[in-house]
Amino acid sequence: MRTDQAGSSSLIGSLGSPQVFGQLLTAHGLGMFVGWQFPFTYGLIAYALPKYMKRKLYAERLLPAVFFLFMIGFYLVWLSTALGYGPGWYFLFPLPFHGGPAGSAPWGSTQALMFFGGMIITNVSLFTFTYIVLGTVFSNKYQDDYNLKAGYNHSMSAKFAGAIGFEAYMPKAVRSRILSYPPAVIAAVVTTLDMIVSAPPFLTLLGDGAWVSMNNQTFLNNLVAKNFLWINYHPIVYYAFFPLIGMYYTLIPIFSKRNFSSNRWAKAPWPLLLITGVGVYSHHLFMDTSQPFILQFMSQNMSMVIGIASGVSVFTLLALVWRSKYEWNLTAKWLVASIFGWIIGGIGGVEQGNTALDVYLHNTYAVVGHFHFNGLDGIVFASFGVLYWILPEISSKQWYSKTLGEIHLWGSLVGGFGLAFVFTAMGYIGVPRRQYLPANAGLPFTITLNYQFYLDLALLFALIIATAQIPFIWNILKTLMGPTSPKPFTTPASLEDAIQIPIPTPIARASDQGTSILEPGSGALSGVSSANSGMGAGSINQITKGKEVA
């Protein structure tokens, strides 16, 4: 897509056409929001719940069903795009059936049915995983503190309040009787609830799409269909992001070597994020003048409230880092970088969530810049940081190379932030999104404003970030093919655990570091400099009672 818009479509032959551009636009958007986000979030939550709640997953036997349902469903979606389906990842009605030149779709009903059927199957995997998540958090079958600890209220309402962070708003007398849930667990519950609340309208839309694909009349008008799309598509952006925010609240205290002054600040944003995660959806429809005013009014205000919730989180996390003895390991760098992506993208989101400004920015590259700051520089970068942290623990393998990890980090930061900044600049000069060739000699202002310069620059940064993934792919392949440790690696679940586990995970193999491989859990730092301690769960110089513990 970047090559097409940079005016170099001839370099990629038959792939450089408007039709293939639409197919790629569909495959790229859904590939990231569904094809990558769903399995990553499934994996992260399946890791976080047992680790931080110390519970076995509920109905764990269903995990293979989740995996195979997702694989079948999503790859049907991608197969449909390979066979010509290209209405865009947003598939706004009636584009799935009447897109293309002269109102005649260049794809058939078979591809459309394959697409909608695949999306339905993918969402069945989501419902199955939701059953596992909510069962793990709320089931009474577990004989542990969450169900039995004396002096606490173990009613379902109390559990629910604790599991969404609502206890932060309760009086101390009530709050003291609600057992706190770890931030990573709260995040998993909130993101799951948002997805489930928004799923029924979306499944109705998918069902209607499948029905129309079989040559039947639609039962949704286009505006209702658009509402049913965005009521799910906005929470879907947060499906991985909320659990990653939970990991911020888990890992940053460990790297900062100090805890929050009050856990209420780590919980207060979550009820706001739960409500606004779905409630902001109508800001995607500000230019639909027939959209009911009450929905527009709601979503504009929700866009401001989610900015407050995000601001509380950002200030709380950065205040913990500020003037701390922060452990700048590779995971820590990814997390801080991703927070800045979140900040910049969030500012753009609040800006575009204002109806007066959206008049000028709607359907321009400013929107693309916003969700690339959030989605790429925020969500994806945070996910890399978490992966570098937990992979040794879940695979019992040391990372192959710290150097490759650093190359991956800095190449991705230059490419990712550069790309999002260029997209935003393009939006401010009015470059429209979703178009094959925005720079058009028939529209003189596109030449006067030099659209082509920005489109070429976007290609450059896209190539940089794509190239930066090569060392990552090599690093992870060499890691997974490398030797398995006879002893398990353990990452600390909290700052208190970090004090008890002085060196949770060896960082990288001797071939990269020039040092001997440490025994897991040995607690020895001799021969390893702090400069070599940054791969994943890096060595943490713990400070307790005024003394440094190796």
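In this report, Ala, Val, Leu, Ile, Met, Phe, Trp, Tyr, Cys and Pro count as nonpolar, Asp, Glu, Lys and Arg as charged, and the others, Gly among them, as polar. The model under discussion is predicted.

**Pockets**

By that division, the lining of the largest pocket holds 34 nonpolar, 11 polar and three charged residues. The pocket encloses about 1,500 Å³. Of its 48 lining residues, His28, Met32, His372, Leu376 and Val380 are the closest to the centre. Two or more lining residues come from each of α1 (2-5), α2 (18-53), α16 (365-395), α17 (402-428) and α19 (451-480), and α16 provides the largest share, with 16 residues.

The second largest pocket has a volume of about 800 Å³. Closest to its centre, among 39 lining residues, are His234, His283, Gly349, His370 and Asn374. Helices α10, α13, α14 (330-352) and α16 each give two or more residues to this lining; the largest share, nine residues, belongs to α10.

| Lining | Nonpolar | Polar | Charged |
|---|---|---|---|
| Largest pocket | 34 residues | 11 residues | three residues |
| Second largest pocket | 20 residues | 15 residues | four residues |
| Second largest cavity | five residues | two residues | one residue |

**Cavities**

Three cavities of 30 Å³ or more are found in the whole structure. The second largest cavity holds about 50 Å³, and its lining includes Tyr146, His154, Lys159 and Tyr181.

**Packing of α10 and α13**

Helix α10 (residues 222-256) packs on helix α13 (residues 293-321) at about 15 degrees, with the axes 10 Å apart. The two helices are therefore roughly parallel, and their crossing is left-handed. Among the contact residues are Tyr238, Tyr248 and Ile252 of α10 and Ile306, Leu317 and Leu320 of α13. The contact comprises 10 nonpolar, four polar and no charged residues.

Definitions and conventions: Residues are numbered from 1 along each chain as its sequence is written. This is a predicted model: local features need pLDDT of at least 70, side-chain atom pairs count only at pLDDT 80 or more; totals for chains, interfaces and linings use all residues. Side-chain values use heavy atoms; hydrogens and water are left out. On a 1 Å grid over the protein atoms alone, a cavity is a set of points where a 1.4 Å probe fits but cannot get out, and a pocket is an open set with protein on both sides within 12 Å along at least five of seven lines; lining residues have an atom within 4 Å of a point. Grid points are joined across faces, edges and corners, and a volume is the space filled by probe spheres set on the points. Axes are lines fitted to C-alpha atoms, for helices over the stretch in contact, and angles run from 0 to 180 degrees between N-to-C directions. Helices (H or I, at least four residues) and strands (E, at least two) are DSSP runs, numbered from the N terminus. Angles under 35 degrees count as roughly parallel, over 145 as roughly antiparallel, 65 to 115 as roughly perpendicular and the rest as oblique. A crossing is left-handed if the near helix is turned anticlockwise from the far one by less than a right angle, and right-handed if clockwise. Contact means heavy atoms within 4.5 Å.
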